[in-house]
Amino acid sequence: MTIIKAIRTYLSECPMLLNLGSRVKIDFLQEKGKSVSIEPLPVNPIVSNYIGGGGERQYAFAVAIKFPYSDEAAMNVENSSFFEEFADWLEEQSDLDHLPDLGEGRQATKIEVTSNGYLFGITQDMKYGRYQIQCRLLYEIE
């Protein structure tokens with residue numbers, strides 16, 4: 001299984017993402033309506049190499065979500081608050097050692113948030129905002 005597919009499967013179990021009513025996609029946000037996408041980020045995947053072989057690696061990604069957007073503060077606070085709850089859920093799952101199954105030869109060790117959730121952009125008609133949060137999966141290879 002690829003790492004991005006393992007992350008997608010893992011995040012598809014997140015109650016908050018399930019409540020959005022949209023499947024978790026990879027590199028794709030729908031034009032209209034709530035939508036969730038996992039998007040790989042460019043980082044050096046090597047954290048460290050072990051002397052006897054193997055090592056620690058990282059896979060950085062953004063979770064992007066398209067939410068309705070307006071000039072009403074309450075709606076935008078709700079959108080931003082979603083990411084605080086998501087970060088808490090991810091931290092709790094990592095603390096419980098409930099991590100993605102990466103398949104043979106790779107073992108997930110931690111999944112964490114590396115940035116706060118933030119507004120990334122707004123559609124031209126100003127009806128939807130693209131929000132995202134950056135994360136990373138740490139794992140060991142044999």
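Me: How many helices and strands does the protein have?
Reply: Keep in mind that this is a predicted model. Going from the N terminus, the elements run α-α-β-β-β-β-α-β-β-β. Tallied by kind, that gives three helices and seven strands.

Me: What radius of gyration does the protein have, and what would a compact globule have?
Reply: The C-alpha trace spans about 55 × 30 × 25 Å along its principal axes. With 142 residues, a compact globule would come out near 14 Å, and the protein agrees with that, at 16 Å.

Me: What share of the residues counts as buried?
Reply: To count as buried, a residue needs under 20% relative accessible area. Out of the 142 residues of the protein, the share that passes is 42%.

Me: What share of the accessible surface belongs to carbon and sulfur atoms?
Reply: The whole accessible surface comes to about 8,100 Å². Carbon and sulfur atoms take up 50% of that.

Me: Among contacts between residues at least 6 apart in sequence, what share joins residues at least 24 apart?
Reply: Start with the pairs in contact that sit at least 6 apart in sequence. Then keep those whose partners are at least 24 apart, and you're left with 60%.

Me: How far apart are the mean positions of the positive and negative charges?
Reply: The protein has 13 positive and 21 negative charges. Take the mean position of each group, and the two points are apart by 9 Å.

Me: Is glutamine 93 buried or exposed?
Reply: You'll find glutamine 93 in helix α3, which covers residues 73-95. Its relative accessibility is 10%, and the cut-off is under 20%, so glutamine 93 counts as buried.

Me: Which residue shares a side-chain polar contact with glutamine 93?
Reply: Leaving out residues up to four places away in sequence, glutamine 93 touches Tyr10 and His98. The polar contact is 2.7 Å and joins the side chain of glutamine 93 to that of histidine 98.

Me: Is aspartate 97 buried or exposed?
Reply: Aspartate 97 lies in the loop between α3 and β5 (106-113). Its phi is near 60°, a positive value in a residue other than glycine. Relative accessibility is 58%, and the mark to beat is over 50%, so aspartate 97 counts as exposed.

Me: Where does methionine 126 lie?
Reply: Methionine 126 isn't a glycine, yet it has a positive phi of about 60°. As for its place, look between β6 (118-122) and β7 (128-141): methionine 126 is in the loop there.

Conventions. Residues numbered from 1 in each chain as written. Predicted model: local features only at pLDDT ≥ 70, side-chain atom pairs only at ≥ 80, totals over all residues. Heavy atoms only, no water. Helix = DSSP H or I, 4+ residues; strand = E, 2+ residues; numbered from the N terminus. Buried < 20%, exposed > 50% of the residue type's maximum accessible area, 1.4 Å probe, protein only. Polar contact = N/O pair within 3.5 Å; in protein donor to acceptor, adjacent residues only side chain to side chain. Contact = heavy atoms within 4.5 Å. Rg over C-alpha atoms; globule rule 2.2 N^0.38 Å. Areas by Shrake-Rupley, 256 points an atom, 1.4 Å probe, with all protein chains shown as cover. Lys, Arg positive; Asp, Glu negative; His and termini not counted. Charge placed at Lys NZ, Arg CZ, Asp CG, Glu CD.
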